Amino acid sequence: MTTGAPSHAAAPAGTGVPVVLAGARGHGRWHLENIRRLQDKGIVRLAGVCELTPLTPDEMPEGLGTPEQSADFGALLDSTGARIAVVCTPIPTHTDLALTAARRGVHLLLEKPPAPSYAEFRRMADGVAEAGVVCQIGFQSLGSHAVPAVRRMIGDGVIGEVTGVGGAGAWARPEAYFRRAPWAGKRRLNGVDVIDGALTNPLAHAVATALALAGVTRAEDVTGIETELAHANAIESDDTSCVRITTAAGRPVVVAATLCAEDPDDPYVVVHGSHGRITFWYKQDRVLLQRGGHGPEEFEYGRTDLLENLVDHLTDGAGLLVPPAATEAFMRVVEAVRVAPDPLELPDGAWHRLPGEDRRVVPGVDGLVTAAADTLALFSELGATWASPTAHPKGADT
């Protein structure tokens, strides 16, 4: 699954850093398989699984044995002696679970988005720092070796002066996707923030990666945010949205996303320069360099797994790839989405259903998403009559 990660000597069964996984269904299944991969290499050992309903033997990947299971996260950390907790639970639970682990001296891999609001993010990040534990935020794309490679190209002036960064995500999700959990497609549930929108959850990597390539990671790097949020599906949150982030360096970052694409494709980030552009398909770790006076150049890179990097950080002092401080700017975007007016419901004429795929499609949205990333313009500026901008001139400070 990953390439270019540090090598480790094989270890006898039962060795490795003890890990507890909170949330082993849904996306948590990916973590189970990744833990099994690392356990086979002797890097980690699955000591426990925290789920409201225990996993059945059929749900436990072969080779992971019979780890202890409990619905009580704190008690499970205590009884297993876990050194690392992987938290892959509903967004509103992240902060409390992270602090439960931190109070026990347990280090964290915390799934993205790290929190549903900037205030909750600060409570988590400050609490983790006070406890003296390490927290890695699960933006797997930031483990790609393409990220530092593109940064070097930018620093070397390969495409001239950077004028802005765009991001495009044209994905498709069936209507059942928004019924996968009680919190899916919600902005709030029982009075608690969820903020499960296209920009903040399924295509959050596009936002975080665009910000990273722009060198915009800290809260103070953001000076303003404009959002345009809409939905074609029968949900509260946004499924077709764009955001423009004004940065302290004066280079805009625009990310457009939809879960209602006509022809879904891999998301990407594009760095615009005065003499060329760099396109990064972050799920593929693939980069295309286009510049004046040269033919197109394509590069493929490896990727360092974030759990493996966390173990290396704890055992060998390797640099942590995605600490909470590296996601402050992203959380400003989450906060802007949180405080924005409720997303616009697209009129019936703006979308149609694909019966064979049980999903809703917004005609022309693929082109809108591409154009936004290419021109750094918002949907409303590109002629989408249903788009309505909302500005957050202070970067949605709390």
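Contact, as used throughout these exercises, means heavy atoms within 4.5 Å. The model is predicted, so local features need pLDDT of at least 70 and side-chain atom pairs count only at pLDDT 80 or more, while totals for chains, interfaces and linings use all residues. Residues are numbered from 1 along each chain as its sequence is written, and side-chain values use heavy atoms, with hydrogens and water left out.

**Exercise 1. Helix α5**

Determine which residues of helix α5 are buried, and which elements they pack against.

Step 1. Helices (H or I, at least four residues) and strands (E, at least two) are DSSP runs, numbered from the N terminus. Helix α5 comprises residues 146–155.

Step 2. Buried means under 20% relative accessible area, exposed over 50%, and partly exposed in between (1.4 Å probe, protein chains only). By this criterion Ala 146, Val 147, Ala 149, Val 150 and Met 153 of α5 are buried. They cover an arc of only 165 degrees around the axis, which puts them on the same side of α5; the arc is that of the directions from the helix axis to the C-beta atoms. Arg 152 and Gly 155, on the other side of α5, are exposed.

Step 3. The packing partners of the buried α5 residues are helix α6 (204–213) and the strands β13 (268–273), β14 (276–281), β15 (286–291) and β16 (297–300).

Step 4. After α5 comes Gly 157, with a positive phi near 70 degrees.

**Exercise 2. Helix α3**

State how many of the ten residues of α3 are buried, and identify their surroundings.

Step 1. Eight of the ten residues are buried, and α3 is thus mostly covered. The buried residues are His 94, Thr 95, Leu 97, Ala 98, Leu 99, Thr 100, Ala 101 and Ala 102.

Step 2. These buried residues pack against α2, β4 (84–87), β5 and α4 (118–131).

Step 3. Gly 105 follows α3 and has a positive phi, near 75 degrees.

**Exercise 3. The two largest pockets**

Describe the volume and lining of the largest pocket and of the second largest pocket.

Step 1. On a 1 Å grid over the protein atoms alone, a pocket is an open set of points with protein on both sides within 12 Å along at least five of seven lines, and lining residues have an atom within 4 Å of a point. Grid points are joined across faces, edges and corners, and a volume is the space filled by probe spheres set on the points.

Step 2. The largest pocket has a volume of about 1400 Å³. Among its 46 lining residues, Gly 26, His 27, Gly 28, Cys 88 and Glu 111 are the closest to its centre. Helices α1 (28–40) and α3 (94–103) each contribute at least two residues to this lining.

Step 3. Ala, Val, Leu, Ile, Met, Phe, Trp, Tyr, Cys and Pro count as nonpolar, Asp, Glu, Lys and Arg as charged, and the others, Gly among them, as polar. The lining of the largest pocket then divides into 23 nonpolar, 13 polar and ten charged residues.

Step 4. The second largest pocket holds about 210 Å³ of space. Helix α5 gives the most to its lining, with three residues. The classes here are six nonpolar, five polar and one charged.

**Exercise 4. Salt bridges**

Locate the partners of Lys 41, Arg 104 and Arg 338 in salt bridges.

Step 1. A salt bridge is a side-chain nitrogen of Lys or Arg within 4 Å of a carboxyl oxygen of Asp or Glu. The whole structure contains 26 salt bridges.

Step 2. Lys 41 pairs with Glu 308, their closest N and O atoms being 3.5 Å apart. Lys 41 lies in the loop between α1 and β2 (44–50) and Glu 308 in helix α7 (residues 306–316), so this pair ties together parts that are 267 residues apart in sequence. Lys 41 is partly exposed, at 27% relative accessible area, whereas Glu 308 is buried, at 0%. Both belong to a network of salt bridges that links Arg 37, Lys 41, Asp 305 and Glu 308.

Step 3. Arg 104 meets Asp 78 in a salt bridge (2.9 Å, N to O). Arg 104 lies in the loop between α3 and β5 (107–110) and Asp 78 in helix α2 (residues 73–80), so the parts tied together are 26 residues apart in sequence.

Step 4. Arg 338 meets Glu 335 in a salt bridge (2.8 Å, N to O). Both residues lie in helix α8 (residues 328–339), three residues apart, about one turn of the helix.

Note on methods:
1 Å grid on protein atoms, 1.4 Å probe; cavity = no way out; pocket = protein on both sides within 12 Å on 5 of 7 lines; lining within 4 Å.
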